[in-house]
Amino acid sequence: MDPDISLLGELGNTSIVGLQWGDEGKGKIVDLLTGQFDYAIRWNGGSNAGHSVKVGDKKYAFHLIPSGILRQNCVCVLANGVVIDPIALLSEMDQLAGQGVEIGANLRISSQAHVVLPYHKQQDQLSEDRLAAGKIGTTARGIGPCYSDKASRTGAVRMADLLDDRRLAEKLQRIVDEKNALFSALYNAPPLNWKDIFQQVRDCGEQLRPHVCNTTALLHQALEKNKRLLFEGANAVLLDLDHGTFPFVTSSNCGTGLAAGSGVPATRLNTVLGVVKAYCSRVGGGPFPTEQDNEIGRKIRDRGREFGTTTGRPRRCGWLDLVALRYAAKVCGVTGLCVMLLDVLATFDSLRICTAYEIDGKRTQWFEPDAVDLARAVPVYEELPGWHDSLDNLESAEDLPPQARRYLDRIESFVQVPVRVVSVGPARHQTLIIGTGVVAMR
Ligand code: IMP
């Protein structure tokens, strides 16, 4: 049986954010909630994000399109802050159509969204390859180069440009010329032909034309009609360009940029749900104080099937870091926590949970986002009893083993935000709603 989401109370306009380094299981929460919403909105990132949703025995993979597309009456919006690879988007649309998902007028794409072009993906890879040490370990989806070009303004291509041949040709001719100079001087890479790129993306633009519109206007019209909006954050707070573990971050404000990325001010939000794994994982480079590069980490990875949805890379795994979690929850104003993958922690005799860092001999409970400083943080752990009972078939929060309950209580008391949803498996029915009270802030 699907969980009774109404136990969370009236959510109002809701934002869902990942509170660690991504892959927390936001997709499952979004999927559970979208039935209550009229709009599902992506406002940051691009096809670097990835989540899968299991409905019955069918599994769907999403990178750009909100999983709200599985619900017939939900309008799915790729707002201005998303960077869109039109080739990847069309292939995702095709794949979903092949699985019987109808994508018509319910997919809306901002004309102001920036376009990830083939040279962005190439630049992403070339730049990573050139960094001998200190690689970011990007997903090579062209995200960083596209956002850099957006900030440069003169190097940018937006969705509106794809729909106008003359504008697109002028821009590509000039930009590809600059890229060729850069690629040849810096990476010794062969030149690109702007006409090939033009043809390829122009055709994509034609196919996407019916979906492109002014999504800021669309969303404000929706607000005027009291429609319910669900904002689907991609990536996660500790990868936020400003508030994450810089420079090992992605290139968008994935914890804090909702207003800029959608045109909807944060004052219109009623609920912010923070999604967190019962442990930590990270893909790519960067500091990770509670990482367990040992048997424990391997056990978590195997039990949690911790391999990237987008790149297939094995994820680094470790104990839950409450210092990082509390920071992340503060930075994005979380009103309720969803703890995912609790089932993965079954079979450990005891569990560790980080409640402070020692940095240069000083103890702190405040997260240090600077990557160099964080790399010196030594975690201070509390030890909690584990449990051996499988959680896979639990029907109610009352049936949680007392040790699991205690683990959740410790999260709640440290972060000072109620844990309201607990996931114990990938399926919709493997979800427990716990506690009472209101998650919405107003
Ligand atoms: P980029 O976003 O491809 O530039 O990658 C920058 C960093 O963010 C790399 O460490 C990626 O592994 C990480 N990253 C980006 N998106 C996600 C995500 O959705 N889940 C997990 N890690 C991500």
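Me: Ala, Val, Leu, Ile, Met, Phe, Trp, Tyr, Cys and Pro count as nonpolar, Asp, Glu, Lys and Arg as charged, and the others, Gly among them, as polar. By class, how many residues of each kind does the lining of the second largest pocket have?

Reply: The structure is a predicted model. The second largest pocket has a volume of about 350 Å³ and is lined by 19 residues. Sorted by class, this lining has eight nonpolar, six polar and five charged residues.

Me: Which residues of that lining lie nearest the centre of the second largest pocket?

Reply: The lining of the second largest pocket comprises 19 residues. Those that lie nearest the centre of this pocket are Met 1, Pro 3, Glu 395, Ser 396 and Thr 431.

Me: Where does the ligand lie with respect to domain 1 and domain 2?

Reply: The shell around the ligand holds 16 residues, and the closest are Asn 48, Thr 139, Asn 235, Thr 250 and Arg 313. By class, the shell divides into six nonpolar, eight polar and two charged residues. Domain 1 (11-108 + 214-433) and domain 2 (114-211) both give residues to this shell, so the position of the ligand is between them.

Me: How much of the area that the ligand exposes when taken alone does the protein bury?

Reply: A nitrogen atom of the ligand is 3.1 Å from an N or O atom in the side chain of Asp 23. Oxygen atoms of the ligand take part in two further pairs: one lies 2.6 Å from a polar side-chain atom of Thr 139, and one is 3.0 Å from a side-chain N or O atom of Arg 313. Taken alone, the ligand exposes 470 Å², and the share of this that the protein buries is 96%.

Me: What is omega for the peptide bond that joins Phe 246 and Pro 247?

Reply: Pro 247 has its place in the loop between strand S10 (229-232) and helix H9 (258-262). The peptide bond joining Phe 246 and Pro 247 is cis, with omega at about 5°.

Me: What value is phi of Leu 341 near?

Reply: Leu 341 is found in the loop between strand S15 (336-340) and strand S16 (350-359). Leu 341 is a residue other than glycine, and its phi is positive, near 60°.

Terms used
Residues numbered from 1 in each chain as written. Predicted model: local features only at pLDDT ≥ 70, side-chain atom pairs only at ≥ 80, totals over all residues. Heavy atoms only, no water. 1 Å grid on protein atoms, 1.4 Å probe; cavity = no way out; pocket = protein on both sides within 12 Å on 5 of 7 lines; lining within 4 Å. Points joined across faces, edges and corners; volume = space filled by probe spheres on them. Near = heavy atom within 4 Å. Polar contact = N/O pair within 3.5 Å; in protein donor to acceptor, adjacent residues only side chain to side chain. Areas by Shrake-Rupley, 256 points an atom, 1.4 Å probe, with all protein chains shown as cover. Domains from an automatic or database assignment. Helix = DSSP H or I, 4+ residues; strand = E, 2+ residues; numbered from the N terminus.
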